[in-house]
Amino acid sequence: MTDDFRAAANKMLEDSAADPWAWLTPSVYECARLVSDAPWLGGHAERLRFLCAGQGADGAWGQDGFAFNGTLSATEALLAVLARNEPADDVVSRDRVREIATRGLAVIRDWLAPGGRYAGGAPVTIGVELIVPMLVDRLNGHLDRAGLPRLAPPAGCAIDRLAQLRQDAEDGKPLPDDLWHAWEIATPAGPPWPAPHPYAGSVSCSPAGTAGWLREAPAPDSPAGRFLDGLQRDRGGLVPVAAPIDLFEQAWMLNTFVWHGVGHDCPEIVLDRMEAELGEYGIAGGKDLTVDGDDTAAVLNALLCHGREPSLDGLMKYWTGDHFEIYPGEPVSSPATNGHTIGLLGRYVAERQEVRERFEPVLRRNVDWLLDQQDDSGSWTDFWHCSPYYATVCAVEALSVYGGGRSAEAVRRAVEWTLETRQESGGWGVRWVTAEETAYATLILRAGSGPGIAEAFDAAEPVLRNEVVDETITPLWLVKDFFSPIRVVRAAVLAARHTIARAR
């Protein structure tokens, strides 16, 4: 049995090491931006077919609660197809495109009408206050040309700021660094931005942002053009919400296996690259992304657990005095990130007597901060993931080992909350039972004891054994659009199955 789990873990790691992009679900939002802004890019036919085939029976794209940005983006893209005469668009009949776009537009009108589901505000995603008004503005351009009533943007949109950013882009001024990932907000008109490209390839790992920066078919030697073409070729024309984020994928998988005792053999090439990419401010989840505290903590822990000796100086750039930030000055702090930092610091201090004077006070304050973030229910929540089971497992993993005696009650409450929130049909999930959330719940319960745990494991096993963990899974992770990192989720499911097998 142990050999089976090791073989499965090794296969995941080997596949990830061979994949320069990471395996994410295709993004309706990003594919639609390419259909609208980059019909010259290879794979256009596959993306257009993907949009036309992906509309649900309700007229939206995506599962309930996760469909807003994708539906706005897909509908605008199809209206753009109808407004132009590109031979590349002929793979789907114009009548069919018109039918699908009309249904999408009807759904959006219902959502944004006074009293509608999203009139009071769009679902929270990264840059939503700029991305949504950009999409509504572009939809209204199509409606104006057709003589149809305009859409009102939902509450909370930064319309004036969007207008200023667009003007700045047209004047050749750079967007703020934190908006490079959403460069498509400045796309509607004008030639390519005249400043030299600041990255080796993509614009902040974003297909839509890169196409938005280019604005037209690039020269053959364009790094940005090569990035887009290489990504779409590798993914059969479809694109994820971000790529490459292979360092993120590998660090999360390795830490999952380490935390939960899944035997594995990490390819040395993975560790070598992590070491090579570490810089003064840590590391990013992938080339061309901004470095951040969460990926830095995860990569450092993965390196330490596999025999490497990296410095923690880069991580300390994100220390505020009581917790670690993902990005300096961020408005919303991340309990999941601080679960990662507590696990890293706890391991570092436990294994190195010479660093205790420096890092033990940081560890204690970090633990206190994370304990203060626990909800009255016993769970934790995080901005970067839709499910509290993710933030809670990140907190429980660290606190149960390195939190000290004052964390025992918090862990007990988290275990109790997990037992109480199992759905009657078996398994766990905020909206419906998912393999990902059931895996996290199982791993939370690993820190508990008592007769209820065995019963909960019995309920979890069928959900985990079914392993419906592919490109149709619920996208619970959040950036500009909702997505799922498939190998990361599969690693959690494997660890949960390993936990149940070991408990028996």
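Okay, let me start inside the protein: helix H16 gives the largest share of the lining of the largest cavity, five residues. Keep in mind that what we're looking at is a predicted model.

So how much space lies in that largest cavity? About 240 Å³. Twenty residues line the cavity, and the closest to its centre are Trp252, Thr256, His340, Cys394 and Glu397. H16, which is residues 388-402, has company here: H10, H12, H14, H18 (435-445) and H20 (486-503) also each supply at least two residues of the lining. As for the classes, you get 13 nonpolar, six polar and one charged.

How many cavities of 30 Å³ or more does a search of the whole structure find? Two. The second largest has a volume of about 40 Å³. Around it you'll find Phe66, Cys386, Val430, Arg431, Trp432, Thr434, Glu437, Thr474 and Leu476. That lining splits into five nonpolar, two polar and two charged residues.

Now, on to the pockets. The largest one has a volume of about 1,300 Å³. It's lined by 50 residues, and if you want to find its centre, look for Ile126, Ile326, Tyr327, Trp384 and Val479, the closest ones. H10, H12 (293-304) and H14 (335-351) turn up again, each with at least two lining residues, and so do helix H6 (128-146) and strand S1 (477-478). By class we have 29 nonpolar, ten polar and eleven charged residues.

Let's stay with H10 for a moment, residues 246-259, and look at helix H1, residues 2-17. Their axes come within 10 Å and cross at roughly 165°. Since angles over 145 degrees count as roughly antiparallel, that's what we call H1 and H10. The crossing is left-handed. On the H1 side, the contact uses Ala9, Met12, Leu13, Ser16 and Ala17, and on the H10 side Glu249, Gln250, Met253, Leu254 and Phe257. Seven of the contact residues are nonpolar, two polar and one charged.

And H6? Helix H4, residues 68-83, packs with H6 at an angle of about 30°, the axes being 10 Å apart. That makes this pair roughly parallel, and H4 passes H6 in a left-handed crossing. From H4, the contact includes Phe68, Leu72, Glu76 and Leu79, and from H6, residues including Val132, Leu135, Arg138 and His142. Class by class, that contact comes to nine nonpolar, four polar and two charged.

That's my tour, thanks!

Notes
Residues numbered from 1 in each chain as written. Predicted model: local features only at pLDDT ≥ 70, side-chain atom pairs only at ≥ 80, totals over all residues. Heavy atoms only, no water. Axes fitted to C-alpha atoms, helices over the stretch in contact; angles between N-to-C directions. Helix = DSSP H or I, 4+ residues; strand = E, 2+ residues; numbered from the N terminus. Parallel < 35°, antiparallel > 145°, perpendicular 65-115°, else oblique. Left-handed = near helix turned anticlockwise from the far one by under 90°. Contact = heavy atoms within 4.5 Å. Nonpolar A, V, L, I, M, F, W, Y, C, P; charged D, E, K, R; others polar. 1 Å grid on protein atoms, 1.4 Å probe; cavity = no way out; pocket = protein on both sides within 12 Å on 5 of 7 lines; lining within 4 Å. Points joined across faces, edges and corners; volume = space filled by probe spheres on them.
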